[in-house]
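Reader: I'm new to reading protein models, and I get lost when I look at the whole thing at once. Please pick one strand, take a close look at it, and then show me a few other places to visit.

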Amino acid sequence: MTSMACSTFIGCGNSKHLTYPAAPSDNTVDTIFGIAVPDPYRPLENDTAAETVKWVEAENAVTEAYLSKIPFRNKINTRLTELNNFVKRGLPWRGNDGLYYFYENDGLKNQSVLYRASAPEAADREVFLDPNTLSDDGTVALTGVFQSKDGKYTAYTISRSGSDWTEIYVMDTKTKELLPDHIEWAKFTGATWDGDGFYYSAYPRPEEGKEFSNANQNHQVYYHKMGTPQTDDTIAFSDPAHPFHFHSADVAESQPVLFVSIGGAGVGNELKVRDNGAWRTMESTQEYTHGVIDVIDNKIYILTSYGAPKNRLMVADLAKPERDNWHELVPEADGVLVGAQFAGEKLFLTYEKDASNHVEIYSMDGKKESEVKLPGFGSVGFSTDRKHPEDIFYAFTSFTSPSTHYSYDLKTGESRRLFQADINGVNLDDYVTEQVFYPSADGTKIPMFLTYKKGIERNGKNPVFLYGYGGFNVSLTPGFSANRMFLLENGVIYAQANLRGGSEYGEEWHEAGTKQKKMNVFNDFIAAAEYLIDEGWTSPEHIAINGGSNGGLLVGATVNLRPELFKVAIPQVGVMDMMRYHLFTIGWNWASDYGTSADSPEMAKYLLDYSPLHTIRNDGTPYPAILVTTADHDDRVVPAHSFKYAAALQAADTGDAPKLIRIDSKAGHGSGKPIAKVIDEYTDVYSFMFENLGIEPK
């Protein structure tokens, strides 16, 4: 290392000319379909190399030196801690042992605690499993709980330090005694009970030292019999001819029928069912999405996009499960059918209309009977039980409403509130959300939610926090964030754009933002900023943009396209190297959305033309202030993406605004992150944002 910048002396401050650490580099140049693609920071892909470790330490030192001199950083941390200190509770569900289970966090616990009780509101609750006891620093997360059909056993899955790697443990449900059964190196899996054991999915044990970077291949479904070691587990399903496929097992709730879903090569999934020991193919392609809801009286209920870009409900006979034999139960509607579940003999169908949820109730023969009245536009989640139709619970949330729980009475159609969070010192009535529709570059109308403090004027000077994702069929519906409240109470407008590439309007909306149509997503995001400016809400000097993962790619790409449009950019755990993303962990699985540089000369050129790493300007064009965030245990989007992007950004001539990277330790892609780490990260993100917007928050 030739320069450690602020890691070796104190006097750097927040100067206009930061000195950045010299990144490990070489002269690597790839030739892809005759196109020369320089990759000078290739050494940073080796995240365990000594030089990379030194560079990470030096970068964090520079970033910490910068952030520590922001005078209001500690006050932001204090306020975020206050905002997060309220009771959070998950929806109750009825276990197979007859008791009710729910998660709760009394305020600032790093992980929510799993409780059980004799009734949803009973006072006899007890701690069933406290993940905070599984580590000293809260970095072990409880990622799933799965009870055997008879309620005797409870399997649970954990993740360490935010990794996608999963371990499975098993408890005696009644006594809470931990049993010897233990599964390691599982991934993208739960525990699906059948008989005296369960199915799970796993990869072969990874190479030592490459656990968080090497490509994952040969995902298999195993069966574990209780009381036996993992080495005795049998392979229930595998497909060596397709090493990059995912395999996920599920056993229907009402009948013990085993299904395997296969994905990884398309936008949807293949579907197989095991009948009398033999596998039968229900769907042979990955062109459509299919989800089995249940099997009742030998009828398979399926939510599918086959023949319906906005999804529909179909039924198959277990004796003739092939797709050609399916028949329609509930046809495609105006809204996107995003969820279906049984409550007794009724079907609860959740639709998404203009990025907001609506719920309708159908009979088992496919006739609509009623709707569930929701408080407004927002997001809803249901907990139902076919065996116990009296146990219907749902949670509703919006930008200005924390998760509120209700019980629903099928006979009367009435909802009764069970739980509502109360945030001290916040009057949620002070804020309002509106939905607008703005034109993108090609004239397509894009929906966007704006949430802000009542009374804000359109004076062109309001700070804006613009957030987007735009990919992988992910829909951005309204939801509450305690951390976001800090922005709102400081006069920031929170703008959430529903870009193409998501599922807001079904598969056609998704497809319009994929592969060689990916530029639509960036144009949609740019148009959102232009709309906010044209409507008098704000100006480029007051706009901060943010996105994570695919949204990090979004931020990186749009900054390179329109650097003058934004003042601050915060790409988090982003996909920044579009030429090599498919070579790491499960990156190959993103090809259905992105295409790869190995596909064709045309695809390689298209990716290169927007890849954030490769399109950074180096001609003195002023860039916004940029804070890149990543983590050392991110084995979804490996940190090499952010490492190389930050190194290239710091080496380029893009003006004087800071270009920093924040590299978290013992953290991953984001899921299961301890609340203390979440607060610390948002403290730094908001400190950086307000500092570079020139605003001192209250």
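Author: Here comes a walk that starts with one strand and then moves on to a pocket, some loops and a few other spots.

A bit of housekeeping before we start. This is a predicted model, in which local features need pLDDT of at least 70, side-chain atom pairs count only at pLDDT 80 or more, and totals for chains, interfaces and linings use all residues. Residues are numbered from 1 along each chain as its sequence is written, and side-chain values use heavy atoms, with hydrogens and water left out.

Our strand is E35, residues 493-497. The names come from DSSP runs, numbered from the N terminus: helices are H or I with at least four residues, and strands are E with at least two. Five of the five residues of E35 are buried, so the rest of the structure largely encloses this strand. Buried here means under 20% relative accessible area, exposed means over 50%, and partly exposed is in between (1.4 Å probe, protein chains only).

Now check which way the side chains go. In a regular strand they alternate between the two faces of the sheet. In E35, Ile493, Ala495 and Ala497 point one way, while Tyr494 and Gln496 point the other way, and all of them are buried.

E35 also has partners, and two strands count as paired if DSSP finds at least two bridges between them. Strand E33 (residues 445-453) runs antiparallel to E35, with four bridges joining the two; Leu450 has Ala495 of E35 as its bridge partner. Strand E34 (residues 464-467) is parallel to E35, again with four bridges, and here Val464 is matched with Ile493 of E35.

Follow the chain and you'll find that E34, H3 and E35 form a right-handed β-α-β unit. Right-handed means that, with the strands pointing away from you, the path from the first strand over the helix to the second runs clockwise. Between helix H3 (482-489) and E35 there is a loop, and Asn490 sits in it. Asn490 counts as buried because its relative accessibility is 14%. If you skip residues up to four places away in sequence, Asn490 touches Phe690, Pro697 and Lys698, where contact means heavy atoms within 4.5 Å.

Next stop, a different sort of place: the second largest pocket, with about 1,200 Å³ of space. Of its 39 lining residues, the closest to the centre are Trp93, Phe146, Lys149, Glu253 and Thr384. (The search uses a 1 Å grid over the protein atoms alone; a pocket is an open set of points with protein on both sides within 12 Å along at least five of seven lines, a cavity is a set where a 1.4 Å probe fits but cannot get out, and lining residues have an atom within 4 Å of a point.) Points are joined across faces, edges and corners, and the volume is the space filled by probe spheres set on them.

Several strands supply at least two lining residues each, including E8 (140-147), E20 (290-296) and E28 (379-383). The largest share, four residues, comes from E16. By class, the lining has 18 nonpolar, 12 polar and nine charged residues. (Nonpolar covers Ala, Val, Leu, Ile, Met, Phe, Trp, Tyr, Cys and Pro; charged covers Asp, Glu, Lys and Arg; the others, Gly among them, are polar.)

From E20, step along the chain to the loop before strand E21 (299-304), where you'll meet Asn298. Most residues other than glycine have a negative phi. Asn298, though not a glycine, has a positive phi of about 65 degrees. Asn298 is partly exposed because its relative accessibility is 41%. Asp354 is another non-glycine residue with a positive phi, near 50 degrees; look for Asp354 in the loop between strand E25 (346-353) and strand E26 (356-363).

Keep going past E21 and you reach strand E22 (residues 312-317), where five of the six residues are buried. E21 and E22 run antiparallel, joined by six bridges, and Leu303 stands opposite Leu313 in E22. On to strand E23 (residues 327-330), which is antiparallel to E22 with three bridges; there, Val315 stands opposite His327.
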